[in-house]
Amino acid sequence: MKSQDDFLQHIHFDGVDIAEFTDYYKSNESMLEELLSQYGAIKFHGVQIDTPSHFQTVVNSISKEFLRYVDGNSPRTKVVNNVYTSTEYASSQKITMHNELSYSNSWPNKLIFCCLVPPSIDGETLLVDGRKIVKEMNPDIVDEIDNKGVTYIRNLHGGMGMGPSWQDTFETQDKGELEAHCERLGIDFEWRENNYVRLVHKRKGIIRHRQTQEKVWFNQIDQFHPLHLGKQVYEGLKRMYRNPYNFPMFVEFGDGSQISEAMIEEILATIDSITIAPTWNKNEILIVDNELACHGRNSYEGDRRILVSMTN
Ligand SMILES: [Fe+2]
């Protein structure tokens, strides 16, 4: 992981409160939007944010179109309306790079993060430029993903099992509501024994940016393939489930052919070599263009409270 910032822009304030910040944002909105689609991410330093409701005030005033995290694959908690904890995965676990909800047919254009409690060691929100991934990746891999697309497979339990339940994922207890969500989101679903549901999404893996039309990496292949958890865990899962279609999450090409383990390893290594890890400090807000930038999370020690909101 490189530590230098090559597409993350920084804007420093000398301790503005949230009203001053939102005034600044609204008066400079078109310049900031342009900066974001040119570079990919902007970090604002020196904005006094102490509580989730401060953050809610900021995101409500700079954006009106929010996305609920329905159908999300990361454990997180809604803190206040439109504001979630960034993730509740174990602190010892690094979260691989991904575009938020790229396995869905509807994704947020922007992610807004803020830092209430910085981790004492590591815990950065990792970032990588999706245009740079396309340039640096083995062109055969890019072409194969571009041509075939990607199929994401998830097996969600009904309350007991590995990973998140379907009730938490879809913020409902009602199977009919889940089915309606799946139809709206273009997901094939199949109820299975023990109240499990299998979800299958066929998506593109490379897209053109909505404004600039640049070719960007836009998928969660490495996150959906259990090899990213390490060889030992992957071997354990293979022994436990036998059939990879029963893994909590799995991924293959859109034509049903398998993505080889060697390819997953190459994808992970290439993305890792160009990932940046900007340190979190208190009073920072980070805005990420979700189509231009993949994000992840480094493992960490100590408390960490990063909030996120997803908007268009
Ligand atoms: Fe994420």
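**Helix α10, domains and cores**

Me: Which elements do the buried residues of α10 pack against?
Reply: This is a predicted model, in which local features need pLDDT of at least 70 and side-chain atom pairs count only at pLDDT 80 or more, while totals for chains, interfaces and linings use all residues. Residues are numbered from 1 along each chain as its sequence is written. Helices (H or I, at least four residues) and strands (E, at least two) are DSSP runs numbered from the N terminus, and contact means C-beta atoms, placed from the backbone, within 7 Å. The buried residues of α10 pack against β5, β8 (125-129), α4, α5 (139-148) and α8 (221-224).

Me: On which side of α10 do Met263, Ile267 and Ile271 lie, the same or opposite ones?
Reply: A residue is buried if 20 or more other C-beta atoms lie within 10 Å of its own, exposed if 12 or fewer, and partly exposed in between. The buried residues of α10 are Met263, Ile267 and Ile271. Because they cover an arc (of the directions from the helix axis to the C-beta atoms) of only 65 degrees around the axis, they are on the same side.

Me: Which exposed residues are on the face of α10 turned away from its buried side?
Reply: The buried side is that of Met263, Ile267 and Ile271. The face turned away from it carries Glu261, Ala262, Ala269 and Ser273.

Me: What span should the 13 residues of α10 (261-273) have?
Reply: The expected span is 1.5 Å times one less than the number of residues. The end C-alpha atoms of α10 are 18 Å apart, which agrees with the expected 18 Å.

Me: Which element gives the most to the side of domain 1 that touches domain 2?
Reply: By an automatic or database domain assignment, the protein is divided into domain 1 (8-131 + 275-311) and domain 2 (138-271). In all, 24 residues of domain 1 are in contact with 28 residues of domain 2. On the domain 1 side, β5 (95-98) and α4 (130-136) each supply at least two residues. The most, 3 residues, come from β5.

Me: Which strand gives the most to the largest nonpolar core?
Reply: A nonpolar core is a set of buried Ala, Val, Leu, Ile, Met, Phe, Trp, Tyr and Cys residues joined through C-beta atoms within 7 Å. The largest has 55 residues, of which Phe113, Val251, Ile285, Leu307 and Val308 touch the most other members. At least three residues come from each of domain 1 and domain 2. The strand that gives the most, with 5 residues, is β6 (residues 110-117).

Definitions and conventions
Contact = placed C-beta atoms within 7 Å.
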